[in-house]
Amino acid sequence: MKVSSKRRLPGETEDEALLRKYGLGPTEESVIAEYEEALAAFDEEEQAEEIGVAIIGRPNVGKSSLLNTLFGSTRAIVSDVAGTTRDSIDAFMERPAPEGTNEPPTIYRFIDTAGIRRKGKIDFGPEFFMVNRALRAIRRADVVLLVLDATAGVTEQDRILAQKVADDGRACVLVCNKWDAVANKDSTTLDKSVKYLREELPQVRWAPIIFTSAATGQRVGKIYGVVDEAISAHRKRVSTAVLNEVLRDATLWQPPPSKRNGSQAKIYYCNQVSTRPPTIVVFCNDPSMINDTYRRYLDRKFRESLEGFEATPIRWIFRGRRNRDIMRQKNMNGNPGDGGAGTSFPFPYAE
């Protein structure tokens, strides 16, 4: 399409348009090409990363107060009446990069959600849609701040929410709020509280715990550092060689389970196939023989042996492979032209 020479083009000054009108300046095509090239330069710039952080919990545990304290201003209405927050609220905060680095700033998207009650107490209506939006916020987030009431302890609804976070594969941080309201604290209260939370919330036993007070701002600033560590753990990747070394030690320490008829579960090897959350595929002869107890054992041994998985779930997938297929793959190892005479080192109890 021909552009009128009398019209001023985007990115062109008035003097340049006047020169072009009399055929003395650059052509219309060159002006448009330079303008589009200048716009494309912005696309090549490194964009700031956005991290989604969902704040969930039961009603009246201090989620909105925590959001206001994080921002230092009133972003959500706070009231002593449970159920004040009716909809999910997205609030953005830009955190500058460390001094002396060329890294872009980090953008946090905090999602304040409505309190989630037990399913049997929710009637179809506004609260039904409030809870659905709160649950969708978990799937939208990278990290979930599960807010607990330090004065009320762990309830059954807290366990259900913790299981929901683990099932969705989201990194999690346990925020024990209202710590300033706990009476008769001494030097052992913190350790006893951590032990209590580990016992009552086994679904997220890997999640870090932080004791805060949204009313006084106690330890609220530490949430940013814990969220950054959780993001790093959620995106962690480990080499196959290291994973199989840990798996070998775990099977040596405790062999896979067996059946009463004498059949033995055999684990061959494993590798990590994805992140967010870290997903490990374990190849064995019969996945049905690997019970939940042994899965939890492998999860615990991997966390003890590898650093960086403290704030994220590990998704385990067990796949069955026939022993002859494994041996056939091993026989194909070696240098080209040597007939496939490779050296294999099978796992214990996998012969």
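## Worked exercises on a predicted fold

Strand β4 sends Val143, Leu145, Val147 and Asp149 to one side and Val144, Leu146 and Leu148 to the other, and all are buried. Keep in mind that this is a predicted model. With that, let's work through some exercises.

**Exercise 1.** Work out how many residues of β4 are buried, and what that says about the strand's surroundings.

*Solution.* Start with the cut-off: a residue is buried if its relative accessible area is under 20%. Now run along β4, residues 143–149: seven of the seven residues are buried. The strand is therefore largely enclosed by the rest of the structure.

**Exercise 2.** Find which strands pair with β4, and in what sense.

*Solution.* Take β1 (residues 49–57) to begin with: five bridges join β1 to β4, and the two run parallel. For a register check, glycine 57 sits opposite valine 147 of β4. Next comes β5, which pairs with β4 in the parallel sense over seven bridges. Here the marker is aspartate 149, with asparagine 177 of β5 opposite.

**Exercise 3.** Lay out the sheet that contains β7, β8 and β9: give its order, its edges and its twist.

*Solution.* The order is β7-β8-β9, an open sheet of three strands with mixed pairing. The edges are β7 (267–274) and β9 (315–320), since each pairs on one side only. From one strand to the next, the twist averages 25°. Now zoom in on β8 (residues 279–284): β8 and β9 are parallel partners over six bridges. Within that pairing, valine 282 has phenylalanine 318 of β9 as its bridge partner. Last, add the helix: α8 (residues 240–253) lies across β7 and β8, at about 140° to β7.

**Exercise 4.** Are cysteine 172 and cysteine 270 buried or exposed, and how many disulfides does the structure hold?

*Solution.* Cysteine 172 has a relative accessible area of 0%, so put it down as buried. Cysteine 270 also comes out at 0%, so it counts as buried. As for disulfides, the structure holds zero.

**Exercise 5.** Classify the ring pair of tryptophan 179 and phenylalanine 211, then place both residues in the chain.

*Solution.* There are nine aromatic pairs in the count. In the one we want, tryptophan 179 and phenylalanine 211 are 4.6 Å apart centre to centre, with 50° between the planes. Planes under 30 degrees apart would be stacked and over 60 edge-to-face, so this angle falls in the tilted class. Where do the partners sit? Tryptophan 179 is in the loop between β5 (171–177) and α6 (189–200), while phenylalanine 211 belongs to strand β6 (residues 209–211). The pair links distant parts of the chain, 32 residues apart. Both tryptophan 179 and phenylalanine 211 are buried. Elsewhere among the aromatics, Phe71, Tyr108, Phe110 and Tyr224 make up one cluster.

**Exercise 6.** Describe the setting of glutamine 163: its element, its exposure and its contacts.

*Solution.* First, the element: glutamine 163 is part of helix α5 (residues 156–167). Second, exposure: a relative accessible area of 33% lies between the cut-offs of 20% and 50%, so glutamine 163 is partly exposed. Third, its side chain makes a polar contact of 2.8 Å with the side chain of aspartate 167. Finally, check sequence against space: proline 202 is 39 residues away along the chain, yet its C-alpha is 9.0 Å from that of glutamine 163.

Definitions and conventions: Residues numbered from 1 in each chain as written. Predicted model: local features only at pLDDT ≥ 70, side-chain atom pairs only at ≥ 80, totals over all residues. Heavy atoms only, no water. Pairing = 2+ DSSP bridges. Helix = DSSP H or I, 4+ residues; strand = E, 2+ residues; numbered from the N terminus. Axes fitted to C-alpha atoms, helices over the stretch in contact; angles between N-to-C directions. Contact = heavy atoms within 4.5 Å. Disulfide = S-S within 2.5 Å. Buried < 20%, exposed > 50% of the residue type's maximum accessible area, 1.4 Å probe, protein only. Polar contact = N/O pair within 3.5 Å; in protein donor to acceptor, adjacent residues only side chain to side chain. Phe/Tyr/Trp six-rings, centres within 6.5 Å; stacked < 30°, edge-to-face > 60°.
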